[in-house]
Amino acid sequence: MSHRRPLTVPAVFVLGAGASAVVAQRTVLTANLLDTALTDASAVRELPPADRRRIQHFLEFLSGQWKGVSLLDVLSIVDVATAQNLPLSPDWGTARLARVKRSIQRAIYVCIEESVGPIRMPEAPSRDLAAVLNAIALPGAPLPVIVSLNWDCLIEHAYIAAWSGRMDVIDYGVASVTAMGERTPRADRALVVLKPHGSLSWGYCSLCSLLVSDLTVPSQFWSGRGCPRCSVALSAVLVPPVGRLRGMPPFFDGLWARVEQAIEDSDRLVFIGYSLPSQDVHVRVHVVRALARRALRRRSPMRVEVVTNERAASSGTDVLLERRFRDVVGGHVPASHLHFCHDGFETWCGRQG
Ligand SMILES: [Zn+2]
């Protein structure tokens, strides 16, 4: 499945949790993140006891116990209840739920930082990260567009490190300011990294709609850090993969439009470490729309590649995953253009170029 045809338009790479797992020092999947936050020694050391107790009490209220509860289930309940002002019980009003949400955000930050290394600038890119970039940015091809569904900032840091620490080489596709309130610098040929599930590096001001995005300082958006313009506390921007939520910053509509446009303009769409889970409604809807719009322009069929590590997983999951992708894109992508590699990212990298 080597791709040797010269590309004239940017390829689009959609990175799921499996892409981070490739380069993470230790894998903390979102599914087991709460267990890690509450039991792992290093996470427990970093997460203040008040946050840990708050999360445990809420999990006990919700599930009768606090082990093995899915982060995405918990976060989506807390998000909807706080955004729509719906208390969950006499004890769990929306103000208390908002505190739970902040504690969970802090736990996410602590766990991802512990597992993938500092969310700030790393000392040097790891070899694994270099392999990711080399595979993604084929020589002679235009810079790809990255759509990262992960909250971590691994790909940004790897790219910045490859450019000797220049911070202007990343274009998040949204207007943003630095921690000092100045416009985030952006080079002409910056790598476009679209993050429609939000980012640990983003803080949003609900008063002046400012997005603070600064990879040079610790984010800590759970701690009441103020907006550089109006000093209202910034909110973390972490979107759980559920149906449309109220209270999301309005720039997400524009971000999804950028994702659609990138796919519509492209000839090659590569999913890495992404299993198209059924709760991820947005990804499905926007991919289908982009492929349909592309078909209207009568372009040659899109080449779609899906890279997973399913071979190592329990038997049969690769068949189910292929079925999910065919169900969603099969109407616009002929079978001859839909390629699966279940042998992992490194094997796939070896077949490139
Ligand atoms: Zn503000």
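S231 sits in the loop that links β6 and β7. The model is predicted, and in it the phi of S231 is near 70°, a positive value in a residue that is not glycine. Most residues other than glycine have a negative phi. Is S231 buried or exposed? S231 has 11 C-beta neighbours inside 10 Å, and because 12 or fewer is the limit for an exposed residue, S231 counts as exposed.

The two strands on either side of this loop belong to one sheet. Three strands make up this open sheet, in the order β6-β5-β7, and the pairing is antiparallel. The edges are taken by β6 (211-213) and β7 (235-238). Each of these two has a single partner strand, so one side of β6 and one side of β7 are left without a neighbour in the sheet. On average, neighbouring strands of the sheet are turned by 40° against each other, direction ignored. Strands of a sheet pair through backbone hydrogen bonds, in a parallel or an antiparallel arrangement. For strand β5 (residues 198-204) and β7 the sense is antiparallel, and the pairing runs over four bridges. Y204 stands opposite S235 of β7.

A second positive phi is found further along the chain. L276 lies in the loop between β8 (268-272) and α10. The phi of L276 is near 50°, again a positive value in a residue other than glycine. How does L276 count in terms of exposure? L276 has 19 C-beta neighbours inside 10 Å, and since a buried residue needs 20 or more, L276 counts as partly exposed.

The loop that holds L276 leads to α10, and this helix packs against another one. Helix α9 (residues 251-265) and helix α10 (residues 281-296) meet at an angle of about 40°, and their axes are 8 Å apart. Angles under 35 degrees would count as roughly parallel and those from 65 to 115 as roughly perpendicular; α9 and α10 are therefore oblique to each other. Their crossing is right-handed. On the α9 side, the contact is made by W256, V259, E260, I263 and E264. On the α10 side, the residues are H282, H286, V287, R289, A290, L291, R293 and R294. What kinds of residue make up the contact of α9 with α10? Six are nonpolar, two are polar and five are charged. The charged residues include E260 and E264 of α9 and R289 of α10, while W256 of α9 and L291 of α10 are among the nonpolar ones.

Methods
Residues are numbered from 1 along each chain as its sequence is written. This is a predicted model: local features need pLDDT of at least 70, side-chain atom pairs count only at pLDDT 80 or more; totals for chains, interfaces and linings use all residues. Axes are lines fitted to C-alpha atoms, for helices over the stretch in contact, and angles run from 0 to 180 degrees between N-to-C directions. Angles under 35 degrees count as roughly parallel, over 145 as roughly antiparallel, 65 to 115 as roughly perpendicular and the rest as oblique. A crossing is left-handed if the near helix is turned anticlockwise from the far one by less than a right angle, and right-handed if clockwise. Two residues are in contact if their C-beta atoms, placed from the backbone, lie within 7 Å. Two strands pair if DSSP finds at least two bridges between them.
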